[in-house]
Amino acid sequence: MKKLYSNKGHILLFLIPAIILFCGILIAPIVMSGYYSFFDWDGLGEKTFIGFSNYIDLFTSNRIGFMKALGNSLVLALLSVGLQLPLALGLALVLGKGIKGERIFLSIFFMPVLISTVVIGQLWLKIYNPDYGILNVLLRSLGLESWTRMWLGLRETALGAVFIPTLWQYVGYHMLLLYAGVKSVPKELREAAMLDGAKDSQINRYIVLPYIKPIIRISVIFAVTGSLKSFDLIYVLTNGGPFHSTEVPSTLMIDMLFLRNRYGMGSAIAVLLIILCFAFALIINRVFKEEE
Amino acid sequence: MKLTDKIPRMLIYIGLVFWAVINLFPVYWMFTFSLKNNDEIFGENVAGLPQNWIWSNYTEALKTGNMGKYFLNSGIVAVATILITLAVALMATFALTRLIWKRRKTLNKFFMLGLTIPIHASIVPIYVTLSRLHLLNTYLALIIPYAAFSLSMAILVCTGFMNAIPRELDEAACIDGCGVWGIFLRVIVPLMKPAVATVGIYTFLQCWNELMFANIFISKTALKTLPVGIQALSGQYTTAWGPIGAALVVATFPTLFIYVFLSKRIQDSFVAGAVKG
């Protein structure tokens, strides 16, 4: 048996497909993206080595608007952590305590996560439609005519209007993670606290929250990196407009690549995105560690 | 129960029901306006059930709008991706959990890196490579990247299940004269059905909904998948909402159908992927 399982040839044979697929599609392209990012390249002709120029341009040129895009995605991150997570946490605490209809509520709240973001985007395009969209129709029927807007077409409201569907879709995701955490709190802990006369709010504050801290940390990381990487919904709803008011790094990257054929610049954005995601994950981990 | 206990309880339920309505309403609205004509959608009957059920919206979306074709394409890509992901992941997991060699823990960690790598990272090089190999506008242009990006999650799930299979079974099969492949194919794989189901569903959802790769690697109408197809369709039908609603329903229905029957398994797979990743 041991001899059979130590045969080098077999080991290699079992691993080779995974290694080829993984390195070929995930690892090698990261290295290549890094390499391309040092060139001025239209994808077809000669590459010209320009060192860190792409990166410097991204951070200094207003015309490219990378800083604006990064700022927008950070606003989305802030909104996610500030609004989406508390809502998700509240739902998780209520459902995790065990109430009637727990499973049904959980399943309903999680459902939007599974629907294609394109479908959700198209649906919200209709909801936001200035003339016939259900939002403005509702406002008009409530006599709030003056509140109706071209939600996605105005610089002031577009970013907020893009955030709402994100919130709508992903609250359920964070809720599910946190719910799984709340459910993993040992029953004895809860019961002991109840015997001591602790109220629900006290149990949540002193027992459940500390217990699920690692999951809260994961949720925060996902909310922040997810906002940095956000693409689908924005692409469908506004594609970065109006006047770049909803531009995020990913939409800018796609623009660079496939509208302007600036492959070096596009690669630089991709590399920065990866670095930023890892950096934020590390920072968030550090913040949670220090609190302990 | 005292009245003071009842009121907060009521408030909690009101809150939950309110959020459930917010979650369900857009989906309900989508189903209803997919069966309405513009007169109803735009004024007479915005939020109610359709008065005349206009099924022709569906035939229009499926035939004129090419949704039938897109649906088939999405199906082909999803099924092929699932099969490749499963085959590759099962083999790798077998080597990582059963076969005996140094550094298998390191390699496992290496594969787990994939859980954190965003698809943005690879889009330019993959695009350039695909275009050099003349593979843009083929099913393979999506299947291979999708399989690669599903691999880490698949290995993660399979490792959990495969570790739970008792090693005595391997021993017994070995004594009965099975080789490595015999043990793998006849003993291990048949016992991996729950893992296969979990990975299958998770991978299906990823492929079915993916937009960025599909949007860039496929430009031929005949090969578009649902997310890209819907984008194209909404460009054609800017004023007729009915057929678009029908298209959205067609794209969403399979997912919701699976969810109704397998909600627990789907939720578990999302938790597993997040918490370990």
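Where is the place of A:Asn239 in chain A? A:Asn239 sits in the loop between H12 and H13 of that chain. We'll start our tour there and then move on to the interface, the rings and the charges. Keep in mind that this is a predicted model.

**A loop with some unusual angles**

Let's begin with a bit of background. Most residues other than glycine have a negative phi, and most peptide bonds are trans. Now look at the loop. A:Asn239 isn't a glycine, yet its phi is positive, near 50°. A:His244 also belongs to the loop between H12 and H13 of chain A, and its phi is positive too, near 60°. What about their surroundings? A:Asn239 is partly exposed, at 37% relative accessible area, and A:His244 is partly exposed as well, at 42%.

The loop has another feature to look for. A:Gly241 and A:Pro242 are joined by a cis peptide bond, with omega about -15°. You can find A:Pro242 between helix H12 (232–237) and helix H13 (249–258) of chain A.

**Where the two chains meet**

How many residues of chain B are in contact with chain A? The count is 88 residues of chain B, and they touch 79 residues of chain A. The size of an interface is often given as the accessible area lost when the parts come together. For chain B and chain A, the buried area is about 7900 Å², and carbon and sulfur atoms give 81% of it. On the chain B side, B:Leu16, B:Trp19 and B:His120 supply 9% of the area that chain B buries against chain A, more than any other three residues.

What about polar and charged links? There are zero salt bridges between chain B and chain A, while 14 residue pairs are in polar contact across the interface. If you want to know which element of chain B does the most touching, check helix H13 (residues 241–276): it brings 16 residues, the largest share of the side of chain B that touches chain A.

For a single residue in this setting, try B:Ser122. It lies in the loop between helix H5 (104–112) and helix H6 (123–132) of chain B. Is B:Ser122 buried or exposed? At 1% relative accessibility, B:Ser122 counts as buried. Leaving aside its neighbours within four places in sequence, B:Ser122 is in contact with A:Ile25 and A:Pro29 from chain A, plus B:Phe149 and B:Phe213 from chain B.

**Rings, rings, rings**

There are 43 aromatic pairs over all chains. One of them is the tilted pair of A:Phe105 and B:Tyr13, with 6.4 Å centre to centre and 50° between the planes. A:Phe105 is in helix H5 (residues 102–114) of chain A and B:Tyr13 is in helix H1 (residues 3–33) of chain B, so this pair joins two chains. A:Phe105 is buried at 10% relative accessibility, whereas B:Tyr13 is partly exposed at 23%. Another tilted pair is made by B:Trp53 and B:Trp55, with 6.3 Å between centres and 35° between planes. B:Trp55 is exposed, at 52% relative accessible area.

Some rings link up into a cluster through their pairs. Its members include A:Tyr35, A:Trp41, A:Phe258, B:Tyr127, B:Phe149 and B:Phe213. A:Trp41 has a charged companion as well: A:Lys47 lies over the face of its ring, at 4.6 Å from the ring centre. In a similar arrangement, A:Lys126 lies over the face of B:Trp241, at 4.8 Å from the ring centre.

**Opposite charges**

The whole structure has six salt bridges over all chains. Among them are these:

| Residues | N to O distance |
|---|---|
| A:Lys183 and A:Glu102 | 3.0 Å |
| A:Asp255 and A:Arg260 | 3.7 Å |
| B:Lys264 and B:Asp268 | 3.3 Å |

A:Lys183 and A:Glu102 link distant parts of the chain: A:Lys183 is in helix H8 (residues 155–183) of chain A and A:Glu102 is in helix H5, 81 residues apart. A:Lys183 is partly exposed at 40%, but A:Glu102 is buried at 14%.

A:Asp255 is buried too, at 16%, while A:Arg260 is partly exposed at 36%.

B:Lys264 and B:Asp268 both belong to helix H13 of chain B and are four residues apart, about one turn of the helix. Both ends are partly exposed: B:Lys264 at 46% and B:Asp268 at 40%.

Methods. Residues are numbered from 1 along each chain as its sequence is written. Chains are lettered from A and ligands numbered from 1 in the order in which they are written. This is a predicted model: local features need pLDDT of at least 70, side-chain atom pairs count only at pLDDT 80 or more; totals for chains, interfaces and linings use all residues. Side-chain values use heavy atoms; hydrogens and water are left out. Rings of Phe, Tyr and Trp (its six-membered ring) pair if their centres lie within 6.5 Å; planes under 30 degrees apart count as stacked, over 60 as edge-to-face and the rest as tilted. Buried means under 20% relative accessible area, exposed over 50%, partly exposed in between (1.4 Å probe, protein chains only). A charge sits over a ring if NZ of Lys or CZ of Arg is within 6 Å of the ring centre and within 35 degrees of the ring normal. Contact means heavy atoms within 4.5 Å. Buried area is the accessible area (1.4 Å probe) that two parts lose on being put together, summed over both. A salt bridge is a side-chain nitrogen of Lys or Arg within 4 Å of a carboxyl oxygen of Asp or Glu. A polar contact is a pair of N or O atoms within 3.5 Å; within protein, one must be able to donate a hydrogen and the other to accept it, and residues adjacent in sequence count only if both atoms are side-chain atoms.
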